[in-house]
Amino acid sequence: MRLLLQACLFLLLGGLAAWAIRHDPGYAFLAWGNWSLETSLVMLTVLGATALGLLYYLLRMLLGVFHAPGKVAAWRQTRRQRMARQRLTRGLLEFAEGHWDRAEKLLMQDAQLSDTPLLNYLSAARAAQRQGAYERRDAYIRMAHRHMPTADVAVGLTQAELQLAHQQFEQALATLKHLRVAAPRHSHVLRLLARLYEQLGDWEQLRQLLPDLRKARTAPPEELNVLEKRIWLALLEAAALSLEPSRLDTVWQKMPKVLHQDPAMIVAYAGWLHRRQHDAEAEALLHRLLKKSWNEEAVKLYGLLQMDDAAAALTRAEAWLKGRELNPVLLLALGRLSLRDRLWGKARSYLEAAIANGAGLDARRELGRLLDALGEQQAAADVYRQAVLAQPGAAPVTLPEHIPQGNLGDARGAAEHVLPDLQEPLTES
C-alpha cells in the first residue's frame with residue numbers, strides 16, 4: 001500500500017513537471033571566470049540530478065570499501081557464534097546419550113563465543129564429573145563463576161550437586177552454607193542442605209532447618225511430617241546411646257507435643273526406656289497408648305518389660321484378648337508375662353497357642369527354655385529343632401528318611417580321599 005501511494009505521488013509530480021516544461025522549458029546561464037554555460041533549465045536540472053546520483057554512489061562505494069574489514073569481521077563473528085550454538089546443541093545431545101568425553105570437548109570448544117557460556121561451562125563440569133575428572137570439573141566451575149559472577153547461586157548449586165554426587169560432604173557443606181547466606185530462602189538450596197545433613201547424620205542441624213523447609217515449601221506437608229518423625233526418632237536414638245542419662249528425657253520434652261501422641265514415637269521412646277531399665281515409665285506410656293488404640297509393636301514391647309507387679313501386668317494384658325484370641329503377638333506377650341508371674345502352665349499354653357497361630361522364633365525360643373526348665377529335654381529339643389528349620393534361608397537338600405551306615409562310611413572315606421592335603425596342616429597346627 002505504501003509503495004502504491006509513493007508511485008502515485010511520483011506519477012503526479014512527474015506529470016506536473018512535464019506539463020510545466022511543455023509550456024516553458026526555462027533558461028539557465030552559468031558563468032565562472034572565462035567559462036560560461038548556456039542551456040535550458042530542464043537540461044540543467046537533469047545534469048544536476050545525474051551528478052548528484054553519481055556522487056552519491058561514489059561515496060557509498062568509498063564507505064563500503066572503508067567498512068569492509070569490519071563487516072567481514074562481523075560476518076566471521078556471526079558465523080563462529082552460529083557454529084558455537086551448533087556445538088552446544090551437539091554437546092548436550094552427546095551428554096544426554098552418555099558420551100561424556102565427546103560432550104565435554106564440544107561444550108568447551110567454543111564456550112567463550114556461545115550465547116550462553118554459563119550453560120557450556122556447567123554442562124562441561126557435569127560431563128567431567130561423569131568421567132571422574134574432578135580437577136577439570138572444578139576448573140569449569142571456576143570459569144563459570146568468573147564469566148558471570150551474578151549467577152553465584154546457579155553456579156554454586158551445580159557445584160554442590162556435583163560434590164554431593166562425589167560424596168565430598170565437607171566441600172558440599174561449605175558450598176551450601178555460602179549459598180544459604182546468599183539466598184536464605186532458596187528452596188533448592190534448602191533441599192540440598194537437608195539431604196546433606198541427613199547423609200551426615202547431623203539430625204540436630206536438620207531439626208533446626210526444618211522450619212525453613214516448611215516456609216519455603218520444599219516438599220509437600222506430608223513428606224515434611226514424615227521427615228520430622230524420622231528426625232526425632234534419630235534424636236531419641238542418639239540420646240539413648242549417649243553417656244548422659246538425662247539426655248533421653250530432655251529430647252522427649254523438646255519434641256513437639258503432637259508427636260507425643262504418635263504411636264511409633266511412643267513405642268520408640270518406651271523401647272529406649274526399657275533399654276535403660278526404666279520399665280515402669282515405659283509401661284505407663286504403653287498402657288496409655290493401648291487404651292486408645294491397638295498397636296502390635298506396643299504389645300510386643302509390653303511383653304518384654306520387667307515390672308514389679310507381674311500379676312497386675314498380666315491381668316491388664318489379658319483384657320486385650322477379647323476379639324484377639326488368635327493374635328500371635330499378643331499370645332507371645334501373654335506367655336512372657338506368665339513366665340514372669342511364674343505361671344508355668346499358663347505360659348506354656350500361651351506360647352504353644354502363639355506358635356500354632358504363626359508366631360516366629362521368639363515364641364519357640366521361650367517355649368524351649370520353659371520346657372528345658374521343666375525337665376522336658378526331649379520336648380525342648382523338638383521345639384529348638386523346629387525353630388532351626390523354620391529359619392529363612394536356601395532350600396535344604398532333600399534327604400532320605402534313613403541313611404544306611406555303609407553309605408555314611410563311604411561318604412566319610414570319599415571326603416578323606418578328596419581332602420588329603422588338609423589333614424597334615426591341621427594335625428601340625
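Me: By about how much of a helix are Arg348 and Glu352 separated in helix H17?

Reply: In this predicted model, Arg348 and Glu352 are separated by about one helical turn, because they stand four residues apart in helix H17 (residues 344-356). The two residues form a salt bridge whose closest N and O atoms are 3.1 Å apart. Arg348 is partly exposed, with a relative accessible area of 26%, and Glu352 also counts as partly exposed, at 38%. Elsewhere, salt bridges with shared partners link Arg336, Asp362, Arg365, Glu366 and Arg369 into one network.

Me: How many salt bridges does a search of the whole structure find, and which parts does the pair of Glu228 and Arg214 tie together?

Reply: The general idea is that side chains of opposite charge can pair when their charged atoms come close. A search of the whole structure finds 18 salt bridges. In one of them, Glu228 meets Arg214 with the closest N and O atoms 3.0 Å apart. Since Glu228 lies in helix H10 and Arg214 in helix H9, this pair ties together parts that are 14 residues apart in sequence. Glu228 is buried, with a relative accessible area of 14%, while Arg214 is partly exposed, at 32%.

Me: Is Arg137, which pairs with Asp138 in a salt bridge, buried or exposed?

Reply: Residues count as buried when their relative accessible area is under 20%, and Arg137, at 2%, therefore counts as buried. Its partner Asp138, at 24%, counts as partly exposed, and the side chains of the two meet at 3.0 Å, N to O. Arg137 is also one of the residues in contact with Gln163, and the others are Gln168, Gln171, Ala172 and Thr175, leaving aside neighbours within four places in sequence. Gln163 is found in helix H6 (residues 152-165) and, at 5% relative accessibility, counts as buried.

Me: How should I read the nonpolar interior, and which residues have the most contacts inside the largest core?

Reply: A useful start is the whole chain, where 32% of the 429 residues count as buried. The largest nonpolar core has 75 residues, and those with the most contacts inside it are Leu206, Leu209, Leu213, Leu236, Leu248, Leu286 and Tyr302. Helix H10 (residues 221-241) supplies the largest share of this core, with nine residues. Apart from this core lies another, of 16 residues, among them Leu88, Ala125, Ala151 and Val155. Returning to Leu248, and not counting residues up to four places away in sequence, one finds that Leu248 touches Leu236, Ala239, Ala240, Tyr269, Trp272 and Leu273.

Me: Which residues make the nonpolar surface patch of about 700 Å²?

Reply: The patch is made by Leu52, Leu55, Leu58, Leu59, Met61, Leu62 and Val65. Val65 is found in helix H2 (residues 41-96) and, at 59% relative accessibility, counts as exposed. For the chain as a whole, the exposed area is about 28100 Å², of which carbon and sulfur atoms supply 58%.

Me: How far apart in space are Arg275 and Leu305, C-alpha to C-alpha?

Reply: Sequence separation and spatial separation are best read side by side. Arg275 and Leu305 are 30 residues apart in sequence and 9.6 Å apart in space, C-alpha to C-alpha. Arg275 belongs to helix H12 (residues 263-275) and counts as exposed, at 62% relative accessibility. Across the chain, among contacts with a separation of 6 or more, residues 24 or more positions apart account for 47%. The chain in which these contacts occur has 21 helices and two strands.

Note on methods. Residues numbered from 1 in each chain as written. Predicted model: local features only at pLDDT ≥ 70, side-chain atom pairs only at ≥ 80, totals over all residues. Heavy atoms only, no water. Patch = residues over 30% accessible without salt bridge, like charges linked within 9 Å, V, L, I, M, F, W, Y side chains within 5 Å. Areas by Shrake-Rupley, 256 points an atom, 1.4 Å probe, with all protein chains shown as cover. Salt bridge = Lys/Arg side-chain N within 4 Å of Asp/Glu carboxyl O. Buried < 20%, exposed > 50% of the residue type's maximum accessible area, 1.4 Å probe, protein only. Core = buried A, V, L, I, M, F, W, Y, C linked by side-chain atoms within 4.5 Å. Contact = heavy atoms within 4.5 Å.
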